[in-house]
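Student: Could you take one part of this model and go through it closely with me, beginning with the way chains meet? I would like a connected account rather than a list.

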Amino acid sequence: MAVLSKYLPGAKKAREDHFEKDDPRQYLMHDPIPRGQMNEMVMESMHATSWKFWMVFGILSVLVAVCFFYAWGYMIAEGLWVAGVMRPAYWGIFLVNTVFWIGISHAGTFISAILRVFKAEFRRPFTRAAELMTTFGLIQAGASIFMHLGRVWLSYWMFPLPNQRELWPNFHSPLMWDLLAITTYVLGSTMYLYLPLIPDLAMARDRSTGWRKTFYRILALGFRGTEGEWRHLHTAMNFFAFAIIPVMFSVHTIVSWDFAMAMRPGWSSSVFGPYFVLGALHSGMGAVAIVLFIMRYTMKHMDYFIRKEHFDALGKLMMMVSFTYAYFIFNDYIIQWYGGNLATDNLLHWLEEGPMSWMFYQMILFNIVIPFAVLWIPKVRQTPWLLAIVGLLINIGMYWERYIIIPVMLTINNMPFTWKLYEPRIEIYLTIGTFALFLLFYMAASRLIPLIPVWEVQEGQMAHTMRKIGKANVSTISDFE
Amino acid sequence: MSEKITRRNFLKLTTAGAATAAIMTGCGPASRYVTREPYVKMPEYTYNGLSTYYATTCRECAAGCGIIVRTMQGRAIKVEGNPQNPINLGKTCARGQATLHGLYNPDRVENPVRQGRSAPQLSTAQVSWDEAIQTVSDALSKTNASEVAFLMGTAPDHLFDLVSDLTDAIGAPAPLRFSALSMFEARATLSKAAEDLLGQAGLPFFDISNADVVVSFGANFLETWLSPVAYTRGYAKMRRSRPRTRGYMVHFETQMSQTAAKADEWIPLLPGTEGLVALALGKLVAQLRGISAPRAFASVNVQQVVETSGVSMEQLTRVAELIAESHAPIAIPGGQALGQSNGLAAAEAILALNALVDNFGQPGGVSLSPLAPNAGAYHRPANAQEMSDLIAKMKSGKIKVLFIHGVNPLFELPQSFGFAEALHATPTVISFATFPDETALTSDYIFPDHHGLESWGYQRSQTGVMQSVLSGSQPVVAPNYNTRATADVFIEAARLAGGKLAQALPFADEVEFIQSKIENLIARTDGSFIAPEINAFSAYFQQHGGWWASSAESDSLSAANALGKSLNVSSAAASIGENEFFFLPFVSPTLGEAGANKPWLQELPDPTTTVMWNTWVAMNPETARELGIENDDVVRIVSEVGSVEASVYKYPAIHPNAVAMPFGQGHTAYGRFAAGRGANPTDVLAPSFNEAGDLAFAGMKVRIEKTGKQQPLSRLESRIGVYGEGMYEEK
Amino acid sequence: MQMTVDLNRVGAKGAIAEAAEGKWGMSIDRDLCTGCQACVAACAMENNISFVGEEDAGYGRTQHWIRIERFWEGAYPNVKIAGGYQPMMCQQCGHAPCEPVCPVFATPHSDAEQLNLQVYNRCIGTRYCANNCPYQARSFNWRDYHTMPERGNMVNGKLVFPLHNQFNPDVTVRRRGVMEKCTFCIQRIHKAQDKAKSEGREVMDGEFAPACAQACPADAITFGRIDHKDSLVSQRSNEGRGVKHLEDLNTLPRVTYLKEG
């Protein structure tokens, strides 16, 4: 806390006054900093850009240029043969990436909408970071879908454009539902990112000069913080928080229907909807843990906003999600196995013993066993780097899960004569490209918009003042929201 | 509610979509299209949008199937079988279908060139056709007749007749017809056996369509053997054309070929014991039928046959019972049984088995194939011995001029024959190749002939049907390149040379020659059509795609001669030592001998292994396990005369002591689709011959060496799904 | 005003499926099929199917519209091909899984011919249809195989492709990025129908055949109207040996396989 001493006269004392040692309620941040100073801190975290940042930024830019734009352009010019897709794995890593990124994107909505609706207080400092993941993740997911198309330059045919021949898109197709769901989600989540951002943008506007001032002025839509504006903002946010939750659940359910609606062993499963949603949350939580870890250790003043108690709370959530995930995966596989369909039996045998079985076992290990084993331990939950590693493992496991569902399961079908093993080719570069682009967006965003929703933190701090009742310090909760 | 939002979103998306589309179509490669140029001036006989169909003959092998080529705007579009032609009755094989990839092959010899033996490149030193004809004329007239040699393809076609007339006139040795197919089918052995047992040389016709038990000794009649389309039809009839009777088929062969795969029973045996098995079967059948074993079978010791061949006593007895109880059994001798040191005896033993069940000349039995209507006698293709003799003559400088047409001996003959050196020792080699094959590129001149679909001609059918058939050819498209019919080249060269040569070929052109050869058919009234005079006849001939006798012939052959002969089949299957294997080359069912330059034939999966575009070594998985060899490991097959390398295919249906390898790949030239692809199994074949002069190729002893390299084979099949690799296989 | 919607016409799920027998059908006699690949070659020649070269072919990118499958049963020396060779192509399902999943209607059902169509120029290459095809009968144009530069010759600085001369003008040459599959040679069906119409009659049984059936040397493939009880294909399909593949998926396949023996 030493670095904060400039902004925290007495903060340390406040902590000592109000908290028992290792009080888990530290996420309530009962060591308020004056608003002006806190705003300064956030502004400074945006401005403080070291050469390291630019180096990483440069590397990522090169990666994006080569692995994303050049590789994709090359693939468009050459055809899909440069990728590894073939019969029978007509879908490959592109859709793995799509599902993966949509999964990542779920964390944002979950944390910010569900936790907002349920008034989980620990959410406050990192709603923004999670929402950004939603938007940026969806961009990668969308790009991956387009990469996967054989004739991407005609992809606009999926939209119901008026045309002379009265050709409509096919609303029976799960891909069409998918398109609708994802576009709805993109629009909804972007709005939902933007709404709580407005007061912070206004704050930044008031503390900037030059092009940044123009930038924030335009984006802040003239927000001045009047009572009426706040009321409108809260109404809109409440509306969107409730509206986005069903969209969030539906979008991954619909993504799962791309698979579940198909007549393929391993895919045709009615549990896929909730299973995918839980899977998405699982990877999303893991990703949030990683992002919080990176933020806390690379950005200025973040150790004030992001505390180990936040990690602790997140860790509990991750553990709960991994329980549910375990339930769904068990449910899915046991029912498939019990069904006794020949093709499905072959598929399960393939997962169990085939050349990709290592991936299957790693998936179980990373998604279920490791979270089960370690997240019970408070020490692990409260150690940011450990939780970040668990998050990373969960994400690897979830990537494997999608990889198993798409190319590995596609290997096995009803026609054993066609079973062939998929090998990714240019997909590897494009995957690196999407990851680099995601990080690049994130890094750019960390310089442009406050990654900490300052007003929410301040609101929380105002709502939870400490009162002394008898001898105990009690955190009071006012119904501020 | 939700519907409303959806629609609103749609409108937003629509705008975004339109913008994206505008960008993306701009960079999409929408402009690359395949262009097909139309006629500049449309010929009178074509209508826009309508196809013109031409009947002609397939030249992909020597069977002489009739085909109808659909053409449109001067382009050949599709090969279809000629339903009237008795050989194939409207059907085709894969090689016939792909003949268009030969016609429009991007690698053809487009101009007459002075090649100057500059292999592997096709020379660009173009010569005019006048010069070319002068060259041929000089070669013919200025060389001593006995020092001229002609080497041609297996098919007995009009060019063979023309060259035969030419050689007759000048007293040169008769043209030799050869191809790898005739070598691997051991046609000379079959025809010699027919001569010995049936009293007349020729290819016997096996009427499997009416047989109820077919016992095949390595006869790959569903693949390439003699007349595969005709025999496939026969097979189908044998199985399904009769009510309540489904013919039963037993196939003796060391590895399971495509034909063996269709048999009800495949019985593996050691190569070289087919004749013994036939004799043992004969003895058992005679016992079962309660007749005293004829002389042919009397001397065989059945127990000993069981020991040498590897066929169990139970199997032998069961097959013998099948034959004995059958009304119409038939035994067929195939190339692998005959291409052995004891091949002739084996062929006779197998034919004698037919004699024993008395099916000669019967429906469902063996007959002599009728001769083509304009043939005086059966002209068998050259056997390997005759090729070897020619090579010896060439090497010793006794051949000054060699004309090569329709055959690629550098590729098709085993290297050990030394054809390369023989070519080197021959002062003038003139090739008439359509494609830049190995032999053509090692010639002095290439005077390219038209592709078969661009040329006139006829082809005599040799077997496959009990009708006398002459298949006719006509150009279905105008020649694509500056090529000329070899017959025309010879006619003009002869005219230029004058004297005896000109007298031998007193024809204006090829067509006149062909007409002179079919003229005598006008008198016949038992044919597919009747015409009063040659022009009308010739027109009908082209229209029908040939001339054939309208009804099947029957011949009465006596079995007495066959059974009276004492047959003594020695076992060719010597014991093999440690790490020694019997080597079984076979002609690739999809590529045939000359299909390697046709990309769609390359892309066709082999029927047994589903390998595409390459050569494999089929090896029993047990053997491979013992040797520590895995699928796709490259092994070197070494014989006393050479070696060849190819990837291993663990083939579950091959005798553990044998390895098999398809013939058809391993070209060093022959166009982009063939060159540098696969390996040629003839590289390890030694020049040893059977009594009929055919190459004893089957079951040659080889060693197998690991190379440590890996070269994956492209298979259509799934190794996971078919062999359980990574899933169900034992680890 | 009351509007009626024909659910069969729009192909809605749960609607009464079309008449189970369909229109055009095929029977394949596995007892007769010799695996000779003539049908595969004929199909390729008729339908301008591109070859893909060694590497892509081995990797599972063959463009064959018809492939011949074979499986083994038993172990040496009693090994044999299980059930005979099995040509596999689009089964022209009456209730096709490929049809509903295409987002742009590139895989519609032909009302007139009761066939599954593939509209090449509508296809955007999502490959969902191929994933959902239980028969794995669809092949995708992974690249412009027809115009690969190594297949052409440079003539006066211009790349020409002699092999293109062979293209059948009745069949579209597909470019990369689109799905394709067996059409039952619909161009031949149309041609025969037009001819019959101009002669004022019905198409006769056996009047024409798809390229595969036409080429098949063993006559293992029979093609015709399966809704006509007296057609050859109906007789063969109903003679007692007939099996339809993956019938339990309710795809209503139009191809009947006749068992060995």
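Tutor: In this predicted model, the contact between chain A and chain C takes 35 residues from chain A and 36 residues from chain C. On the side of chain A that touches chain C, the element that gives the most is helix α6 (residues 174-206) of chain A, with 4 residues. Sorted by class, the residues on this side of chain A are 21 nonpolar, 9 polar and 5 charged.

Chain C also meets chain B, in a contact that takes 56 residues from chain B and 53 residues from chain C. Several elements of chain B give two or more residues to the side that touches chain C, among them the strands β3 (75-81) and β26 (714-715) and the helices α8 (228-240) and α25 (599-603). The residues on this side of chain B divide into 32 nonpolar, 11 polar and 13 charged.

Let us now stay with chain C and look inside it, where 4 strands form an open sheet whose order is β10-β1-β12-β11 and whose pairing is mixed. The edges of this sheet are β10 (221-225) and β11 (242-243) of chain C, and because each of these has a single partner strand, one side of each is left without a neighbour in the sheet. At one of those edges, β11(C) pairs with strand β12 (residues 255-258) of chain C in the antiparallel sense, over 2 bridges, and here the bridge partner of V243(C) is Y257(C), in β12(C).

The loop between β11 and β12 of chain C holds L252(C), a residue whose phi is positive, at about 50°, although it is not a glycine. To see what makes that worth a second look, remember that most residues other than glycine have a negative phi, and most peptide bonds are trans. L252(C) has 20 other C-beta atoms within 10 Å and therefore counts as buried, since 20 is the number from which a residue is called buried.

Another such residue in chain C is Q136(C), which has a positive phi of about 50° although it, too, is not a glycine. Q136(C) lies in the loop between α4 (128-132) and β6 (139-140) of chain C, and with 22 C-beta neighbours inside 10 Å it is also classed as buried.

The peptide bonds deserve the same care. In chain C, a cis peptide bond joins Y76(C) and P77(C), with omega at about 5°, and P77(C) is found in the loop between β3 (72-73) and β4 (80-81) of that chain. Chain A has a cis peptide bond as well, between R87(A) and P88(A), where omega is about 5°; P88(A) lies in the loop between α3 (51-78) and α4 (93-117) of chain A.

From that loop we can move on to two helices of chain A, α5 (residues 127-148) and α9 (residues 272-298), whose axes come within 10 Å and cross at roughly 120°. An angle over 145 degrees would count as roughly antiparallel and one from 65 to 115 as roughly perpendicular, and therefore α5(A) and α9(A) are described as oblique to each other. Their crossing is right-handed. On one side the contact is made by A129(A), A130(A) and M133(A) of α5(A), and on the other by A287(A), V288(A), V291(A), L292(A) and M295(A) of α9(A). By class this contact has 8 nonpolar residues, with no polar and no charged ones.

Chain B offers a second crossing to set beside it, in which the axes of helix α10 (residues 274-289) and helix α12 (residues 302-309) come within 9 Å and cross at roughly 145°. The crossing of α10(B) and α12(B) is left-handed. Here α10(B) contributes L276(B), V277(B), A280(B), K283(B) and L284(B), while α12(B) contributes V302(B), V305(B), T308(B) and S309(B). This contact has 6 nonpolar, 2 polar and 1 charged residues.

Finally, strand β16 (residues 457-460) of chain B shows how side chains alternate: G457(B) and Q459(B) point one way, Y458(B) and R460(B) point the other way, and all are buried. β16(B) pairs in the antiparallel sense with strand β17 (residues 469-473) of chain B over 4 bridges, and in this pairing Y458(B) stands opposite G472(B).

Note on methods
Residues are numbered from 1 along each chain as its sequence is written. Chains are lettered from A and ligands numbered from 1 in the order in which they are written. This is a predicted model: local features need pLDDT of at least 70, side-chain atom pairs count only at pLDDT 80 or more; totals for chains, interfaces and linings use all residues. Axes are lines fitted to C-alpha atoms, for helices over the stretch in contact, and angles run from 0 to 180 degrees between N-to-C directions. Angles under 35 degrees count as roughly parallel, over 145 as roughly antiparallel, 65 to 115 as roughly perpendicular and the rest as oblique. A crossing is left-handed if the near helix is turned anticlockwise from the far one by less than a right angle, and right-handed if clockwise. Two residues are in contact if their C-beta atoms, placed from the backbone, lie within 7 Å. Ala, Val, Leu, Ile, Met, Phe, Trp, Tyr, Cys and Pro count as nonpolar, Asp, Glu, Lys and Arg as charged, and the others, Gly among them, as polar. A residue is buried if 20 or more other C-beta atoms lie within 10 Å of its own, exposed if 12 or fewer, and partly exposed in between; C-beta atoms are placed from the backbone. Two strands pair if DSSP finds at least two bridges between them.
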